[in-house]
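Subject: Structure for your review

Dear colleague,

Please find the structure below, handed over for your consideration. My findings follow it.

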Amino acid sequence: MTALPPDPEPEKTPDLEPGGGVSPGDTPPDSAQTSGLSHPQPMPSKAMPVAWLVLIGVLVVLATGFVVALGLGWLKLG
């Protein structure tokens, strides 16, 4: 058993010319093409990425300072 129905017989299909062609005017017009956006997209804010970079930079500087202070003996743990 096939999932698709069998192809129709060309002799019984309406509006076909001999040889299987279609008469002019029998085909529907092309559909409209859409390209581009329907409305302008808002620009994302640049404040949050900058804030995250600053926060990560501060954490890196603090961690580096902590490791350097431990290495120089300025901080004693335990």
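How many helices and strands does the secondary structure of the chain come to? The model, which is predicted, has one helix and zero strands.

That helix, helix 1, covers residues 47-72. Its 26 residues should span 38 Å at 1.5 Å a residue, and the end C-alpha atoms lie 37 Å apart, so the two values agree. Gly 73 follows helix 1 and has a positive phi, near 85°.

As regards exposure, buried residues account for 1% of the 78 residues in the chain. The chain exposes about 7,800 Å², of which carbon and sulfur atoms supply 68%.

A nonpolar patch of about 980 Å² is also present on the surface. Its members are Met 48, Val 50, Trp 52, Val 54, Leu 55, Ile 56, Val 58, Leu 59, Val 60 and Leu 62. One of them, Val 50, is found in helix 1. Is Val 50 buried, partly exposed or exposed? Its relative accessible area is 49%, and Val 50 therefore counts as partly exposed, since the exposed class requires over 50%.

Yours sincerely

Conventions:
Residues are numbered from 1 along each chain as its sequence is written. This is a predicted model: local features need pLDDT of at least 70, side-chain atom pairs count only at pLDDT 80 or more; totals for chains, interfaces and linings use all residues. Side-chain values use heavy atoms; hydrogens and water are left out. Patches are made of residues with over 30% relative accessible area and no salt bridge: like charges are joined within 9 Å, nonpolar side chains (Val, Leu, Ile, Met, Phe, Trp, Tyr) within 5 Å. Accessible areas come from the Shrake-Rupley method with a 1.4 Å probe; for residues, only the protein chains shown count as cover. A salt bridge is a side-chain nitrogen of Lys or Arg within 4 Å of a carboxyl oxygen of Asp or Glu. Helices (H or I, at least four residues) and strands (E, at least two) are DSSP runs, numbered from the N terminus. Buried means under 20% relative accessible area, exposed over 50%, partly exposed in between (1.4 Å probe, protein chains only). The expected span of a helix is 1.5 Å times one less than its number of residues.
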